[in-house]
Every structure is written in C-alpha cells, then in structure tokens.
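Here is a short tour of one model, written for someone who likes to check contacts and pockets for themselves. Please keep the viewer open as you read.

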Amino acid sequence: MELQHEQRAAAEEVIQRDRHDLYSGGWAFPTKPFNWSLYLFYGGDLREYELPWLRSQIDQLAALPPDEDGDRPTGLFVVTGEEGGAETWQISDGTLAVYPAPEYAWLTE
C-alpha cells in the first residue's frame, strides 16, 4: 500500500487500535523510508476465518484522509486460499474493492 509520509502515524494508529496477537506482526514499513512515497506491506498466513480482521484494517487504511496534496492511500493486496483460488484487494479513492484474480491462482499450487 502506498501512503504519504505524513499518513504514517495515522496508519500506525489503525494497526495498533485493532492489534491481533498472532497476525499483526505481518504489517511492515521499510526500516529506512526513502524517496517521496511510503510503502506499507502485509505478508503472512492467516486462518480464513481471520480474513475479516485483515480486511477491516485495510478498509480503515484505505479510508485515511488525504494528505495536503489530496493524495489518498492506494495499493493492491493479493489474497490466496489454501484450497486454491485468489482475489485482489485494490485500494483507491478511499475504498477497498475486491476482484477475483484467477491469474494469481498459481500461487496456491
């Protein structure tokens, strides 16, 4: 997910507010940010029944207020299932949209 540096504190607050002892460790910012954009990553294995927890956090991050230039968070998450199948969670314009992603199904093989 791409954010502006000024949005980092708000993003960290979202992550801390709904902390999950087992899964919150999957969130990561670069240890030394560089250039003009800030990137936030999530990587990890979750139980399928915990996906609503992750989606809620991403929904909140997507809805962060724009920075002084009007830039909002943007990004793409690829979610794959243990039983196969994949979808993308796309962040733009303050919302999260979910789409099937058969082109990423090979990730579960």
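What follows covers a pocket, a helix and some charged pairs in this predicted model.

## The largest pocket

Let's start with the open space: the largest pocket holds about 660 Å³. Its lining is made of 20 residues, and the closest to the centre are L46, V79, T80, G81 and E82. Helix 2 (51–62), strand 5 (75–80) and strand 6 (86–92) each give two or more residues to this lining. Strand 5 gives the most, with four residues.

If you are thinking about chemistry, the lining of the largest pocket divides into eight nonpolar, six polar and six charged residues.

## Two sides of helix 1

Helix 1 spans residues 8–17, and A11, V14 and I15 are buried there. Viewed down the axis, the buried residues fall within an arc of 95°, so they line one face of helix 1. Their cover includes strand 1 (2–4), strand 2 (27–28) and helix 2.

Turn to the other side of helix 1 and you will find A9 and R17 exposed.

## Salt bridges

The model has three salt bridges. In helix 1, R8 pairs with E12, with 2.8 Å between the closest N and O atoms. R17 forms a salt bridge with E13, where the closest N and O atoms are 3.3 Å apart. R17 counts as exposed because its relative accessibility is 51%, and exposed means over 50%.

The side chains of R55 and D59 also meet in a salt bridge, at 3.9 Å from N to O. These two residues are four apart in helix 2, so about one helical turn separates R55 from D59.

Terms used:
Residues are numbered from 1 along each chain as its sequence is written. This is a predicted model: local features need pLDDT of at least 70, side-chain atom pairs count only at pLDDT 80 or more; totals for chains, interfaces and linings use all residues. Side-chain values use heavy atoms; hydrogens and water are left out. On a 1 Å grid over the protein atoms alone, a cavity is a set of points where a 1.4 Å probe fits but cannot get out, and a pocket is an open set with protein on both sides within 12 Å along at least five of seven lines; lining residues have an atom within 4 Å of a point. Grid points are joined across faces, edges and corners, and a volume is the space filled by probe spheres set on the points. Ala, Val, Leu, Ile, Met, Phe, Trp, Tyr, Cys and Pro count as nonpolar, Asp, Glu, Lys and Arg as charged, and the others, Gly among them, as polar. Buried means under 20% relative accessible area, exposed over 50%, partly exposed in between (1.4 Å probe, protein chains only). The arc is that of the directions from the helix axis to the C-beta atoms. Contact means heavy atoms within 4.5 Å. A salt bridge is a side-chain nitrogen of Lys or Arg within 4 Å of a carboxyl oxygen of Asp or Glu.
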